[in-house]
Amino acid sequence: MSFLTAEPVRLLLALVCIMAFVGLNAAYLVLAERKGAGRFQRRPGPNEAGYGGWLQPVADVAKLLSKQLIVPPGTDTILFRLAPLMVISPAMMCLAVIPFSQTLVARNINVGLLMVFSFGSINVMAIMLSGWASRNKYAIISAARVVSQNVAYEIPMLLVVITLLMVTGTMDLNEIVRQQAGWFWHWNLFKVWVNPLMPVTFVIFFICMLAETNRAPFDMAEAESELVAGVFTEYAGMGFGVFFMAEYANIVLGCSLGTVLFLGGWQSPFGLWPGVVWFLLKLYALIFTVIWVRWTFPRTQFYNLLNLSWKILIPISLFTLLLSSAMIKLF
Amino acid sequence: METPVDTSQIVQFAALDDLLALSRANSLWPLTFGLACCAIEMMAAGGPRFDISRFGAEVFRPSPRQADVMIVAGTINKKMAPAVKTLYDQMLEPKWVIAMGNCAISGGPFVFPGQYAVVEGVDKLFPVDVYIPGCPPRPEALIEGILALEQKLTGKRRWPVVKPPQ
């Protein structure tokens, strides 16, 4: 069994596990979303395919896989095919550094946070490329919107994360979690003695995460009522399915990052269950909140979206940055 | 002209075909597309009272590339016909059409000698799989139409047919 512990084999296993995790999550989060939407609107949601609708994702995936594939004439063929891969691969790569428990991490590197944000920013470029390659006016308009939205929300997100970094003093995600040991008031979310605005930074982080993953109420990438289906207009079958998977992979990534940075990751408040259970509990609570927000709020207008970022979130996050540096200097 | 050979009649992967048919029947994504008052009934079918989502058919896709079934809900004017035809052509195989309401079936109340504005039935433009009569049909009738389409795909009826009381 010694070959199992060899580093290349371990990395390969971790890769397979991450891909399975992303795939299963994408499939069943879609079901959770549709069931959740049903419950929020007082209807049952999909419940006929399999027992209680559990086979609905299987039916959807089989149908998407067997749908005709086309590359519309006049598109940039290579980019058109490449864009879905470029959307999903960074999200999978980032999950490699997320610590699911103290030991359950594919690759523990000491600049994990930097890696997540550098790969996370590829997402916007890939969506822009898909809009460009589609040669469709709606896709182009949507791509332009996605770029301005993601640039606008990357700034407060990074400012908030820098505030947090000044508190933790490390970019090692496992080390950040280890610093939050103890009861729940040791989580970064409640560390008000370090920076009294810590809960506010979490809220800003969550809003920016919603905007970065193009989720409602900020789903300008796929604004059905204005731009046919946004950047996905020309994508059919599994090309569209991969974009859908990438959206959910990005949600999982953003929520696990929120869990690690603010909610104490795998730290348990009672020491009752193993760390991975606590991590998944917090992760799925955050994901449920994302679904909840989507089916509660209508889509914002585009200038309101940009106003929220440039006029509210960026000044507040700059203030928290100044406040926490001042408090670190003083105390 | 020689008729093209349909290969699916020569090579049959029976189990796989059944599985695909079952999958397609359980995930019929309609096109977000309404022409007249029947579309209101279509929206009601998506709402909480009738809930088309139980059959996995509530994912109304705005782009014809991702939709599987086109529910033609309403009157088709001669002026609208080219747009509807384009939408049908932009949908990818396999695709199905449901003609919902009397206007989509035959022109409905707008047919009279000398009328010049209305296409008399969507099957003048492209093939139709399921016809749902009514003016407009109730949402239950649309759900029944979707069940009929599922029956056409899989060969099996999902629920027993409800007989009206005598």
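1. A residue is called buried under 20% relative accessible area, exposed over 50% and partly exposed in between, with a 1.4 Å probe and protein chains only. By that rule Cys135(B), with a relative accessible area of 56%, is exposed, and Cys17(A), at 52%, is exposed as well.

2. This is a predicted model, in which local features need pLDDT of at least 70 and side-chain atom pairs count only at pLDDT 80 or more, while totals for chains, interfaces and linings use all residues. Residues are numbered from 1 along each chain as its sequence is written, chains are lettered from A and ligands numbered from 1 in the order in which they are written, and side-chain values use heavy atoms, with hydrogens and water left out.

3. Searching the whole structure for disulfides (pairs of cysteine sulfur atoms within 2.5 Å) gives zero over all chains. For Cys17(A) the nearest cysteine sulfur, that of Cys94(A), is 18 Å away, whereas the sulfur of Cys135(B) is 5.7 Å from that of Cys103(B), its closest, which is too far for a bond.

4. Between chain A and chain B about 2500 Å² is buried, 53% of it on carbon and sulfur atoms; this buried area is the accessible area (1.4 Å probe) lost when the two parts are put together, summed over both. Glu48(A), Lys63(A) and Lys67(A) supply 26% of the area that chain A buries against chain B, more than any other three residues.

5. Five salt bridges (a side-chain nitrogen of Lys or Arg within 4 Å of a carboxyl oxygen of Asp or Glu) are counted between chain A and chain B. The side chains of Lys63(A) and Asp68(B) form a salt bridge, at 2.7 Å from N to O.
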